Amino acid sequence: MNELAADDLKTIYPKPSPRVIAKARPEIDAHAKKFIAMSPFCVLATSGSDGSVDASPRGGNPGFVHVAGPNRLLMPDRSGNNRIDSFKNIVEGSGFVQLIFFVPGIDETLRVGGKGKLSAEPELLASMEEFGKPPRAVLSISVHEAYFHCGKALMRSKLWSAETRVERTVLPSISQVIHEQTGLGEPEPQAEVEARYRTQL
């Protein structure tokens with residue numbers, strides 16, 4: 001396979017329109033704020049000091065990421081696998097982050113870029129209680145850029161369509177998969193995994 005170079009891209013892709021360039025805003029405006037308030041899910045991307053990149057799913061009730069101002073977002077950290085790859089990247093790497101917010105039923109997404117810092121201040125943690133418990137840490141993001149993506153990718157994927165929904169039974173449980181991959185832990189069935197997850201939200 002021949003690799004493309006930067007000059008090759010210019011022959012394949014036309015320049016973006018002025019409107020596409022102008023849609024990138026330097027802050028969270030009213031439309032972005034409303035979208036974030038409706039969003040129960042986003043993907044957080046970070047980069048490490050060694051150039052490695054991590055992308056991590058984050059979720060909660062709609063609006064779980066708080067808009068604290070036009071240039072500040074607050075994201076609570078909930079129980080996960082404790083690898084903390086994203087947070088290691090933030091404190092050891094550049095600190096730059098990118099987020100893509102999703103709202104079920106809406107094909108457009110919202111991208112937000114900025115620089116993150118971590119806090120474990122007790123008052124801040126207490127103010128962001130959800131699922132009956134405070135977060136373990138809060139990611140504060142100084143927003144540098146925000147813009148909406150068109151809905152083509154989600155339209156192509158039919159992400160929100162009931163017709164394309166896959167039954168969970170087509171795959172073994174995550175516990176069974178990891179047990180087969182590593183030989184570690186007990187291979188729990190999906191119902192047990194989900195019941196355990198509900199106690200850890």
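Biologist: In this predicted model, R58, D77 and R136 are linked in a network of salt bridges. What makes D77 and R58 a salt bridge?

Modeller: The closest N and O atoms of D77 and R58 are 2.9 Å apart. The rule asks for a side-chain nitrogen of Lys or Arg within 4 Å of a carboxyl oxygen of Asp or Glu, so the pair qualifies. Because D77 belongs to strand β4 and R58 to strand β2, the pair ties together parts that are 19 residues apart in sequence. Both D77 and R58 are buried.

Biologist: How do you know that K10 and D7 form a salt bridge?

Modeller: Their closest N and O atoms are 3.8 Å apart, and the limit is 4 Å, so K10 and D7 are counted. Both residues lie in helix α1, three residues apart, which is about one turn of the helix. Unlike the buried D77 and R58, K10 and D7 are both exposed.

Biologist: Why is E188 called buried while its partner R196 is called partly exposed?

Modeller: E188 has a relative accessible area of 19%; buried means under 20%, so E188 falls in that class. R196 has 30%, which lies between the 20% and 50% limits, and therefore R196 is partly exposed. The side chains of E188 and R196 meet in a salt bridge, with 2.6 Å from N to O. By this rule the protein has seven salt bridges.

Biologist: What makes L4, L9, I12 and Y13 a nonpolar surface patch?

Modeller: Patch members need over 30% relative accessible area, and I12, at 45%, passes that test. The same 45% makes I12 partly exposed, because it lies between 20% and 50%. I12 is located in helix α1, residues 6-12. The patch formed by L4, L9, I12 and Y13 covers about 430 Å².

Biologist: How do you know that β3 and β4 are paired?

Modeller: Three bridges join β3 to β4; at least two are required, so the strands pair. They run antiparallel, and G69 stands opposite R72 in β4. Strand β4 is also joined to β7, by six bridges in antiparallel direction, with P76 having V138 as its bridge partner. Strand β7 is joined in turn to β6 by 11 bridges, again antiparallel, where S119 stands opposite V138.

Biologist: What makes β2 and β3 the edge strands?

Modeller: The open sheet has seven strands in the order β2-β1-β5-β6-β7-β4-β3, with antiparallel pairing. Strands β2 (53-59) and β3 (66-69) each pair on one side only. The twist averages 35° from one strand to the next. Helix α3, residues 30-38, packs on this sheet and touches β3, β4, β5, β6 and β7; its direction makes about 90° with that of β6.

Biologist: Why is P70 called partly exposed?

Modeller: Its relative accessibility is 44%, between the limits of 20% and 50%, and P70 is therefore partly exposed. P70 lies in the loop between β3 and β4. Leaving aside residues up to four places away in sequence, P70 touches E27, I28 and V143. P70 and D29 are 41 residues apart in sequence, with 6.6 Å between their C-alpha atoms.

Biologist: What share of the 201 residues of the protein counts as buried?

Modeller: The share is 29%. The protein exposes about 13400 Å², of which carbon and sulfur atoms supply 56%.

Note on methods: Residues numbered from 1 in each chain as written. Predicted model: local features only at pLDDT ≥ 70, side-chain atom pairs only at ≥ 80, totals over all residues. Heavy atoms only, no water. Helix = DSSP H or I, 4+ residues; strand = E, 2+ residues; numbered from the N terminus. Axes fitted to C-alpha atoms, helices over the stretch in contact; angles between N-to-C directions. Contact = heavy atoms within 4.5 Å. Patch = residues over 30% accessible without salt bridge, like charges linked within 9 Å, V, L, I, M, F, W, Y side chains within 5 Å. Areas by Shrake-Rupley, 256 points an atom, 1.4 Å probe, with all protein chains shown as cover. Buried < 20%, exposed > 50% of the residue type's maximum accessible area, 1.4 Å probe, protein only.
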